[in-house]
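Student: I have the sequence and the model open side by side. Could you take me through one part of it closely, residue by residue?

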Amino acid sequence: PEALARWLKDFAGHPLTDEAQALYGDACLAAGDIDEGIDAYRTVGKGQPSLHQYAQFQIGKALALSERHREAEDHFRAFIDAHPTSPRLAEAYDALARALRHLDRAHEVPTLYRNAIERLGDDPTNRAVESILLAC
């Protein structure tokens, strides 16, 4: 991570900054520096929607892995609302369900999935529905 941190400092404003920030976030998580990784992901801009979604999703995963389940719940709810057509939508619902289970709120999971299917089920282009149905 140190070399990437140096690059980000030396080349601030470079066109590849967002990619480097996402990579730095990945490197920090791999090195066990969860908070630094989360901070790096938070700086990834919205100019490249798929990269921004990746970074946002990684934040949620990092929160869950560090057992910050309440924060993960809030984060994945926000992700779902902000990215209703994301290819990671089914995975986001699954991560949200896991967070609820860790918070001893497993009884909320069936309603979560039912609401997701009602919200997304009429959209034939949304591929998340099948995965959500399989998770039920």
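**A close look at H5 and its packing**

Student: H5 passes H6 in a left-handed crossing. Which residues of H5 and H6 make the contact, and where do the aromatic rings of H5 fit in?

Tutor: Happy to! Please keep in mind that this is a predicted model.

Let's begin with the two helices themselves. H5 covers residues 69–82 and H6 covers residues 89–102; their axes come within 9 Å and cross at roughly 155 degrees. An angle over 145 degrees counts as roughly antiparallel, and that makes H5 roughly antiparallel to H6. The handedness is as you say: the crossing of H5 with H6 is left-handed.

Now for the residues you asked about. H5 contributes His69, Ala72, Glu73, Phe76, Arg77, Phe79 and Ile80 to the contact. From H6 come Leu89, Ala92, Tyr93, Ala95, Leu96, Ala99, Leu100 and His102. Sorted by class, the residues of this contact are eleven nonpolar, two polar and two charged.

His69 deserves a stop of its own. His69 sits in helix H5, and its relative accessibility is 13%, so His69 counts as buried. With neighbours within four places in sequence left aside, the contacts of His69 are Ala64, Ala99, His102 and Leu103. Two of these names, Ala99 and His102, are also on the H6 list for the contact with H5.

Next come the rings. The whole structure holds four aromatic pairs. One of them joins Phe57 and Phe76: the ring centres are 5.3 Å apart and the planes stand at 65 degrees, so this pair is edge-to-face. Phe57 belongs to helix H4 (residues 49–65) and Phe76 to helix H5, so the pair ties together parts that lie 19 residues apart in sequence. As for accessibility, Phe57 counts as buried at 1%, and Phe76 is buried too, with a relative accessible area of 0%.

Phe57 has another partner in Phe79. Here the ring centres are 5.5 Å apart and the planes are at 70 degrees, so this pair is edge-to-face as well. Phe79 lies in helix H5 while Phe57 lies in helix H4, so the pair ties together parts 22 residues apart in sequence. Phe79 counts as buried, at 3% relative accessibility. Put together, the ring pairs link Phe57, Phe76 and Phe79 into a cluster. Notice that Phe76 and Phe79 are also on the H5 side of the contact with H6, while their ring pairs with Phe57 lead to H4.

To set beside this, here is another helix pair in the model. Helix H1 (residues 2–10) and helix H2 (residues 17–30) pack at an angle of about 155 degrees, with their axes 9 Å apart. H1 and H2 are therefore roughly antiparallel to each other, and H1 passes H2 in a left-handed crossing. On the H1 side the contact uses Leu4, Ala5, Trp7 and Leu8, which meet Thr17, Ala20, Gln21, Leu23, Tyr24 and Ala27 in H2. By class, eight of the residues in this contact are nonpolar and two are polar, with no charged residues.

Thr17 is a good residue to finish on. Thr17 is placed in helix H2 and counts as buried at 19% relative accessibility, the limit for buried being under 20%. Not counting residues up to four places away in sequence, Thr17 touches Trp7, Leu8 and Phe11. Trp7 and Leu8 are among the H1 residues in the contact with H2.

Key:
Residues numbered from 1 in each chain as written. Predicted model: local features only at pLDDT ≥ 70, side-chain atom pairs only at ≥ 80, totals over all residues. Heavy atoms only, no water. Axes fitted to C-alpha atoms, helices over the stretch in contact; angles between N-to-C directions. Helix = DSSP H or I, 4+ residues; strand = E, 2+ residues; numbered from the N terminus. Parallel < 35°, antiparallel > 145°, perpendicular 65-115°, else oblique. Left-handed = near helix turned anticlockwise from the far one by under 90°. Contact = heavy atoms within 4.5 Å. Nonpolar A, V, L, I, M, F, W, Y, C, P; charged D, E, K, R; others polar. Buried < 20%, exposed > 50% of the residue type's maximum accessible area, 1.4 Å probe, protein only. Phe/Tyr/Trp six-rings, centres within 6.5 Å; stacked < 30°, edge-to-face > 60°.
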